[in-house]
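I opened this model to look up its ligand site, its salt bridges and a few backbone details. My entries follow in the order in which I looked.

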Amino acid sequence: MRRLSIIGIGAGNPDHITVQATKALSSIDVIFLIDKGDDKESLAQLRKDICARYIKNPSFRIVAAQDPERDRATADYESAVTAWHAERAAIYERMIREELGETQHGAFLVWGDPSLYDSTLRIVDRVAAMQTVGFELDVIPGITSVQALAARHRVALNRIGEPVHITTGRQLAKGMAGDNVVVMLDGDCAFKSVKDGDVDIYWGAYIGTPDEILMSGTLRECGPEIEKVRNEARTRHGWIMDTYLLRKS
Ligand SMILES: C[S@@+](CC[C@H](N)C(=O)[O-])C[C@H]1O[C@@H](n2cnc3c(N)ncnc32)[C@H](O)[C@@H]1O
């Protein structure tokens with residue numbers, strides 16, 4: 001039976017890879033890479049560095065495929081994402097069926113942890129449902145960007161007994177749903193929509209990488225400065241990944 005592992009590799013710091021992940025990597029025959037374009041070449045490089053460091057099999061192969069374009073023009077976000085996932089499932093199915101031998105071990109390396117804002121598990125489930133290729137699946141957790149953010153700011157995500165809400169920039173724009181809100185996938189500084197004066201922000205970009213930027217303070221004072229720093233960094237690198245915690249004080 002083919003074996004397939006979905007391995008969380010942490011969100012940028014190569015030292016955040018777990019012992020369980022390194023053990024799984026040591027027996028890998030094929031790594032499946034989805035190429036998301038030149039802008040994020042440094043992210044692909046981190047994956048390649050992890051392979052070079054932990055994969056023991058000298059004849060392991062990297063099988064890469066181009067990520068299909070998502071239709072960003074349509075107003076119907078959900079059906080655009082569904083169509084995009086179907087295209088990706090077809091690509092994953094072909095890669096597993098054609099590139100992974102019957103007794104081999106393949107892996108997808110997932111940024112952070114596969115359970116958080118990542119579609120790999122959903123897509124691999126779709127592949128399994130096609131019943132065109134059989135495989136045994138395991139999932140190996142990784143350190144999320146949220147944990148890395150909290151560690152770098154030396155804060156807990158919640159105060160005693162309080163819940164934590166993790167959401168996207170798009171959802172935050174509709175209102176702050178709780179006292180401790182972690183925001184990911186924010187293309188446009190959605191914290192600007194928060195009008196409450198008593199909110200602190202703990203912000204981080206490129207966390208765990210040599211380009212890491214951290215800023216914190218009251219949202220009222222820090223927000224405009226974060227927006228400026230973020231725009232400059234995005235122009236300099238051509239892309240940005242940032243995460244932040246908002247906390248009502
Ligand atoms: C598609 S989600 C993937 C999340 C990932 N599975 C995780 O566990 O962190 C991408 C979002 O994660 C966050 N992110 C991932 N890596 C990051 C990093 N090194 N620094 C800051 N934010 C990061 C950003 O909010 C980015 O928009």
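Before reading any accessibility, I fixed the classes: buried means under 20% relative accessible area, exposed means over 50%, and partly exposed is what lies in between, with a 1.4 Å probe and protein chains only. I also noted that this is a predicted model, in which local features need pLDDT of at least 70 and side-chain atom pairs count only at pLDDT 80 or more, while totals for chains, interfaces and linings use all residues. Residues are numbered from 1 along each chain as its sequence is written, and side-chain values use heavy atoms, with hydrogens and water left out.

**Entry 1: salt bridges in helix 3**

I took a salt bridge to be a side-chain nitrogen of Lys or Arg within 4 Å of a carboxyl oxygen of Asp or Glu, and I found 12 of them in the structure. Helices (H or I, at least four residues) and strands (E, at least two) are DSSP runs, numbered from the N terminus.

I looked up Arg97 and found it paired with Glu98, with 3.9 Å between the closest N and O atoms; Arg97 counts as partly exposed because its relative accessibility is 35%. Glu98 also meets Arg94 in a salt bridge, at 3.5 Å from N to O, and these two residues both lie in helix 3, four residues apart, which is about one turn of the helix. Glu98 is partly exposed at 48% relative accessible area, and Arg94 is partly exposed too, at 33%. I then noted that Glu93, Arg94, Arg97 and Glu98 are linked in a network of salt bridges.

**Entry 2: a salt bridge between distant parts of the chain**

Arg2 forms a salt bridge with Glu102, the closest N and O atoms being 3.9 Å apart. This pair links distant parts of the chain, 100 residues apart, with Arg2 in strand 1 (residues 2-8) and Glu102 in the loop between helix 3 (77-99) and strand 4. Which partner is buried and which is exposed? Arg2 is buried, since its relative accessible area is 10%, whereas Glu102 is exposed, with 55%.

**Entry 3: the ligand site**

I counted a residue as near the ligand if one of its heavy atoms lies within 4 Å of it. Sixteen, written 16 in my table, is the number of residues that surround the ligand, and the closest are Ala11, Leu116, Ser145, Asp242 and Thr243. By class, this shell has nine nonpolar, five polar and two charged residues, where Ala, Val, Leu, Ile, Met, Phe, Trp, Tyr, Cys and Pro count as nonpolar, Asp, Glu, Lys and Arg as charged, and the others, Gly among them, as polar.

For polar contacts I used pairs of N or O atoms within 3.5 Å. A polar backbone atom of Leu116 is 2.8 Å from a nitrogen atom of the ligand. An N or O atom in the side chain of Ser145 is 2.7 Å from a ligand oxygen, and a backbone N or O atom of Leu185 lies 3.1 Å from an oxygen atom of the ligand. The protein covers 90% of the 570 Å² of accessible area that the ligand has on its own, the areas coming from the Shrake-Rupley method with a 1.4 Å probe.

**Entry 4: a nonpolar patch**

Leu185 came up again on the surface, where Tyr117, Val164, Ile166 and Leu185 make a nonpolar patch of about 350 Å². Such patches are made of residues with over 30% relative accessible area and no salt bridge, nonpolar side chains (Val, Leu, Ile, Met, Phe, Trp, Tyr) being joined within 5 Å and like charges within 9 Å. Tyr117 sits in the loop between strand 4 (105-110) and helix 4 (120-130), and it counts as partly exposed because its relative accessibility is 41%.

**Entry 5: positive phi outside glycine**

Where do the non-glycine residues Gln131 and Tyr206, each with a positive phi, lie? Gln131, with a phi of about 55 degrees, is in the loop between helix 4 and strand 5 (135-140), and it counts as exposed because its relative accessibility is 73%. Tyr206, with a phi of about 50 degrees, is in the loop between strand 8 (199-205) and strand 9 (213-218), but Tyr206 is buried, as its relative accessible area is 4%.

Definitions and conventions: Polar contact = N/O pair within 3.5 Å; in protein donor to acceptor, adjacent residues only side chain to side chain.
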